[in-house]
Amino acid sequence: MSPTLAAGWLGVAPDHPFGLQTLPYGSFTTPDRPTEPRVGVAVGDRVLDLTAASYRLFIGRADLFSAGRLDAFLDAGDLAWAQVRSALTSWLSGDEYREALEDLLVPAAEATMHLPFTVADYVDFYASEHHASNVGRIFRPGAQALTPNWRHLPIGYHGRSGTVVLSGTPVRRPYGQSRPDPGAGPVFGPSARLDFEAELGFVVGVESITGEPVPLGRFTEHVFGVCLVNDWSARDIQAWESAPLGPFLGKSFSTTISPWVVPLAALEHARVRPPSRDTDLLPYLAESDDWGLDIEFEVSLNGHVISRPPFATTHWSPAQMLAHLTVNGASLRTGDLYASGTVSGAEPGQRGCLLELTWNGTEPLTLPDGTTRAWLADSDELVITATAAGPDGMRVGLGEARGQVDRGGRGRQRGQQGGDGQHHGERGAFQPGGERRAGAGLGPVPQPHPAGHRQAPGGQHQSRLHEQHAPVGGGRQ
């Protein structure tokens, strides 16, 4: 069956990574309504105001988007997720809804993206065998690269949800204890070994009950979609503090996520057999479905590509990670985020962090301007992008996770939660597949009403004929 393409009036190229094969969700504002966040769906180089569109065409689900963030939609469950995606595909693939939607499409460059959902808990795994093996060779030369437990369970640790920030938020160089001289005592100061980690994040929609594990077969009932993650790491702080309990301050200072959440439904054509299926596992981890993912990452430092990690080689699948996360009875909450850990491939050019790329700083990278990097320097900008396999050779865009190192003061970072309870982002933070663009920095389905007139939140009239506002627009070691 051929993929559904965007209607001609939308002007979306058939190979655009944010075509109808993707339809990712985010939260945005526009200059004319800067204090009114709305839920948006990326369509080509524009953003559909889903908050307004649902009041016009899908009133039975409009309450899910009235707050301007994804929290209620995530909590609504897989039936609502499928209904909304089906409705969006219908609206955007023909001409009958053009009059109802055309004034709700915002140029991406005019949209300021915000953190798309309230992050509840954050867990980071260590799921890439190539990454874990490289780390073992670096820190345990001559010994077994993998620890004895590694192929038997997805290793992970709990992070800090309060410092998950939106793409485009500056990353302040962290301070802490380290011991640069093994023969001397610890010192306190800014990290001298700041690193990135290219990861894939999984966004939980439906909560679970404490004491009840979530089995492999219920993965898609609880996980809504994916986003890109950069789990910034201070390797010197981490090395000094990690024995015996693992990462703490070396990881908790900042974690960047992309502004767009791509639903699992968009990744059906990217599903592949995960390497873990070739391992003899305990029954709760013995997966019969294939939830490995064919996703290609690209990492750029100051505009220069330094790595292209493949997620398809990641040993543990997201379904296995979720099953292990909850097997002890730990519950899920709406908005939980868990990440894969550093994604690395078998080749040197596929390593997903500087720890591996420079072999713990001993083999610095040389950039096109002649400068070298063992670790990130002040003002360095790190950008992670990715696309997944889609239908008929199309690519599904995952957007970007962008951050620049800032050695500035210790005040609240842009993109973190402010006094109004919202997370504030960057103007034009819209990157479907990695290229820099202008301005970058739904029970039964309620029947749609192509010519309907609805009253939007706050009493704003939403008639397709009379609305006169301006155009409206995101491892461990």
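Which residue forms a salt bridge with Arg235, and how far apart are the closest N and O atoms? In this predicted model, the partner of Arg235 is Asp195, and the closest N and O atoms of the two are 2.9 Å apart. Arg235 belongs to helix H7 (residues 235-241), while Asp195 belongs to strand E12 (residues 194-195), so the salt bridge ties together parts that are 40 residues apart in sequence. Both ends of this pair, Arg235 and Asp195, are buried.

A second salt bridge can be followed in much the same spirit. Glu129 pairs with Arg151, and here the closest N and O atoms lie 2.3 Å from each other. Glu129 is part of helix H5 (residues 129-139), and Arg151 sits in the loop between H5 and strand E7 (156-158); the pair therefore ties together parts that are 22 residues apart in sequence. Arg151 is partly exposed, because its relative accessible area is 38% and that class covers values from 20% to 50%.

Arg373 and Asp380 supply a further example, with 2.7 Å between the closest N and O atoms of their salt bridge. Arg373 has a relative accessibility of 14% and so counts as buried, the cut-off being under 20%. Asp380, at 3% relative accessibility, is therefore buried as well. Turning to shared partners, salt bridges link Asp195, Glu197, Asp231, Arg235 and Lys251 into one network. The Arg235 and Asp195 pair met at the outset thus has both of its residues in this network. Over the model, the count of salt bridges comes to 20. As a general matter, side chains of opposite charge can pair when their charged atoms come close.

Glu36 offers a look at another part of the chain, and this residue is found in strand E2 (residues 33-43). With a relative accessible area of 37%, Glu36 is partly exposed. The side chains of Glu36 and Arg33 are joined by a polar contact of 3.0 Å. Once neighbours within four places in sequence are set aside, Glu36 is in contact with Phe28 and Thr29. What separates Glu36 from Ala67, in sequence and in space? The two are 31 residues apart in sequence, and their C-alpha atoms are 8.8 Å apart in space.

Terms used: Residues are numbered from 1 along each chain as its sequence is written. This is a predicted model: local features need pLDDT of at least 70, side-chain atom pairs count only at pLDDT 80 or more; totals for chains, interfaces and linings use all residues. Side-chain values use heavy atoms; hydrogens and water are left out. Helices (H or I, at least four residues) and strands (E, at least two) are DSSP runs, numbered from the N terminus. Buried means under 20% relative accessible area, exposed over 50%, partly exposed in between (1.4 Å probe, protein chains only). Contact means heavy atoms within 4.5 Å. A polar contact is a pair of N or O atoms within 3.5 Å; within protein, one must be able to donate a hydrogen and the other to accept it, and residues adjacent in sequence count only if both atoms are side-chain atoms. A salt bridge is a side-chain nitrogen of Lys or Arg within 4 Å of a carboxyl oxygen of Asp or Glu.
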